[in-house]
There are 2 protein chains.
Amino acid sequence: MTTLYDVARLAGVSTATVSRVLHGQDRVRESTRIRVQKAIEELGYVPDNAAQSLSRGRKEVIGIVCIERPADHHENMNLTYTDELLHGVESHIRTLDWSLLITFWNEVIDPGFPRLAAMSGKVDGVLIGEGSFPARLLDRLAARVPVTLIAGPPDERAFDVVTADNWAGAAAIVTHLVTEHGSRRLFHLDGPPNAPDASERRRALEEVLKEHHGSRLIGTTHGSFSVESGEEGGERILAAYRGDLPDAVVCANDQMAIGLLRAFGRAGLSVPEDVAVVGFDDIFPGRFTDPPLTTVYQPMRTLGERACARLIERISDPGLAPALEMLPTELVIRSSCGCPPGTSIRQPVRQRVME
Amino acid sequence: MTTLYDVARLAGVSTATVSRVLHGQDRVRESTRIRVQKAIEELGYVPDNAAQSLSRGRKEVIGIVCIERPADHHENMNLTYTDELLHGVESHIRTLDWSLLITFWNEVIDPGFPRLAAMSGKVDGVLIGEGSFPARLLDRLAARVPVTLIAGPPDERAFDVVTADNWAGAAAIVTHLVTEHGSRRLFHLDGPPNAPDASERRRALEEVLKEHHGSRLIGTTHGSFSVESGEEGGERILAAYRGDLPDAVVCANDQMAIGLLRAFGRAGLSVPEDVAVVGFDDIFPGRFTDPPLTTVYQPMRTLGERACARLIERISDPGLAPALEMLPTELVIRSSCGCPPGTSIRQPVRQRVME
DNA sequence: TTTCAGGATGTAAACGCTTACATGTCATAA
DNA sequence: TTATGACATGTAAGCGTTTACATCCTGAAA
């Protein structure tokens, strides 16, 4: 491995000069610069980041922890959500020449802190890719490095949070069902109890129904955000309401809606004639389901960008007060809600007014 | 930031002892160990990886570069392929407590070497997430750190390659079309010219057709592996063959097959009645298209695991001779090939015999 | 010719860890 | 009692950078 010393020796200068050429802030005589650059080129020298980090006290690496949910080997859709997020983070980080360390965190496999601790020693800050991350681990992590939460609870006080306006998005889609399609008896296929985005969506659903007399929630069941849990949810609904189905099922995300569609399809039901179904997130496969899924778009990519930007701000200035950044959503109307086949409308959702 | 010295001071021992407790190889008196552990706990100490790396000469981080293809903002499916791959890599790496640094590499945005060079300074080795990576950059990268190619060309001599048996998979699916569905006039929606996996599939297609007289390739067009390029390909086919469509279109991957299905759908064609369509990769959304896609499954997750394992072997022993590891595929029959709706068969594909 | 400012370059400490080697301690054997 | 080992622990060098500070050089001004 070639080091700064090798370059310095070959160019006949000191390591300080090489370093100066590398970073180009201090003045170096043109002829020297060229000589050094030639040596660098010739040796194919690349600075060792470990030594740089140690010296500068900064690694220029941030970590992202993606929550890994159990999934059938052949149906892993975890990243369909995280995909855009990662791209967003990367598109911001690349402009700064920092790097991204990715960790999949699985509650079952890694209940303890050690793996997270080890990762925290390799980065300057950590992004939590989703809201439902155990507080106990979060606190320990945050004791070590700055942390920002993506899709965290909007009422978080201790950490930076960047999230979509789940409340407004869910309110919009439920309002659409109730007012455009006259849904009266709604069922909620909810997310995990501890997921903050799911909670926001649930609250929006309840509040909208409260304002529309005649429409009500006839039941709820929790799923894990996975396709499988959507299927199970569908079977539970079929078992409980056969012959007396809800008008519409509101799913906490698209994966579960897809699972639901499958379960209903197997049971010979047709959507939206027998029952309407809507999702949340606007993941790609939702366009190809039969019928195509009505859902709410969250700007995942922008979420990633903003979260990354905020984390890096905080790394530079740890004194910053934690803040909430809430991004607007869009209602994406296709036909699983009852709109005619071929419908494809995107409409911006007004941000919730926080009192 | 708490350091080893702080811990040592609090526990009343030397840094060497703390280090020994941390790594637990040398013997330390039980009472000392406990005292040190208590100090570590109390201070929330986590070793700084930069210092460790510098000292040990190893970072315990590997990089993966994922090729980023241009994609419509709302239709990014890059990671549907990479998703499983990443999980595979991570599932292996986590057992060793190493970490994964992810870089999206976009030929257009980053034509030069600097960003890759910078990343190479942060890792012990790199995985190239796909075969079509410019040789010129590859060589420079490999001069710095060990490199292993995922889905690289099977005839590569200079690098480790871990890939699926694309030839055999493609041969199987084409054989299915020709022998089971009597396809005579095939069209090939090929991948980018420089993608080694696409080349293998193309060669298999040609060789199979050579052995089946009566069936032939009536045309080819290249796409970029994206959904959009699949749509464009579809439109080109429609323009060229309207009224005289091919019996079947063999697509170099599922994304393009999905795009093709869309273009055909818009044109009022029905698949597989008017024309059969098959893909490659078995990505998740392929189950939900109409009709569900017949394709070839590649063990992406295993690919990731094996590539990671091999890279780490090479990092430990740089003297190892480069090797090829080829993983078997499976034929996944659904109904876009002409098999009856509801068909869902997976059958192992025999590895190609390399002479 | 000498002096001096300023630019160019060199020197060496520091970053936080690991580890080879040195030292210290204690029980046992002679 | 002293020598001997085995085990426990400490000392300090070294990993490859960055950077504050010291030094050297050059040309212009006096």
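Two strands are taken to pair if DSSP finds at least two bridges between them, and with that criterion in hand the tour of this predicted model can open on the sheet of chain A.

Select strand E4 of chain A, residues 147–150, together with strand E5 of chain A, residues 160–164: three bridges join these strands, which run parallel, and Leu149(A) is found opposite Val161(A) of E5(A).

Keep E4(A) selected and add strand E3 of chain A, residues 125–128, which runs parallel to E4(A) and is likewise joined to it by three bridges. Within this pairing, Leu127(A) has Thr148(A) of E4(A) as its bridge partner. If you now show helix H7 of chain A, residues 135–144, you can follow the chain from E3(A) through this helix to E4(A), a β-α-β crossover that is right-handed.

Which residues of E4(A) are buried on one side, and which on the other? Displaying the side chains shows Val147(A) and Leu149(A) on one side and Thr148(A) and Ile150(A) on the other, all of them buried, with both faces of the strand covered.

Next, colour by chain. A turn of 180° with a shift of 0.0 Å along the axis lays chain A on chain B with an RMSD of 0.1 Å; the two copies are thus related as by a two-fold rotation axis. Because 100% of the interface residues of chain A are also interface residues in chain B, the copies meet through the same surface.

Finally, select DNA strand C, which 27 residues surround, the closest being Ala16(A), Arg27(A), Thr3(B), Leu4(B) and Ala16(B). Helices H2 (15–23) and H4 (49–56) of chain A and their counterparts H2 (15–23) and H4 (49–56) of chain B each supply at least two residues of the surface near this strand, which by class has eleven nonpolar, ten polar and six charged residues.

Definitions and conventions:
Residues are numbered from 1 along each chain as its sequence is written. Chains are lettered from A and ligands numbered from 1 in the order in which they are written. This is a predicted model: local features need pLDDT of at least 70, side-chain atom pairs count only at pLDDT 80 or more; totals for chains, interfaces and linings use all residues. Copies are superposed by least squares on the C-alpha atoms of residues with pLDDT of at least 70 in both. Two residues are in contact if their C-beta atoms, placed from the backbone, lie within 7 Å. A residue is buried if 20 or more other C-beta atoms lie within 10 Å of its own, exposed if 12 or fewer, and partly exposed in between; C-beta atoms are placed from the backbone. Helices (H or I, at least four residues) and strands (E, at least two) are DSSP runs, numbered from the N terminus. A crossover is right-handed if, with the strands pointing away from the viewer, the path from the first strand over the helix to the second runs clockwise. A residue is near a molecule or strand if its C-beta atom, placed from the backbone, lies within 6 Å of it. Ala, Val, Leu, Ile, Met, Phe, Trp, Tyr, Cys and Pro count as nonpolar, Asp, Glu, Lys and Arg as charged, and the others, Gly among them, as polar.
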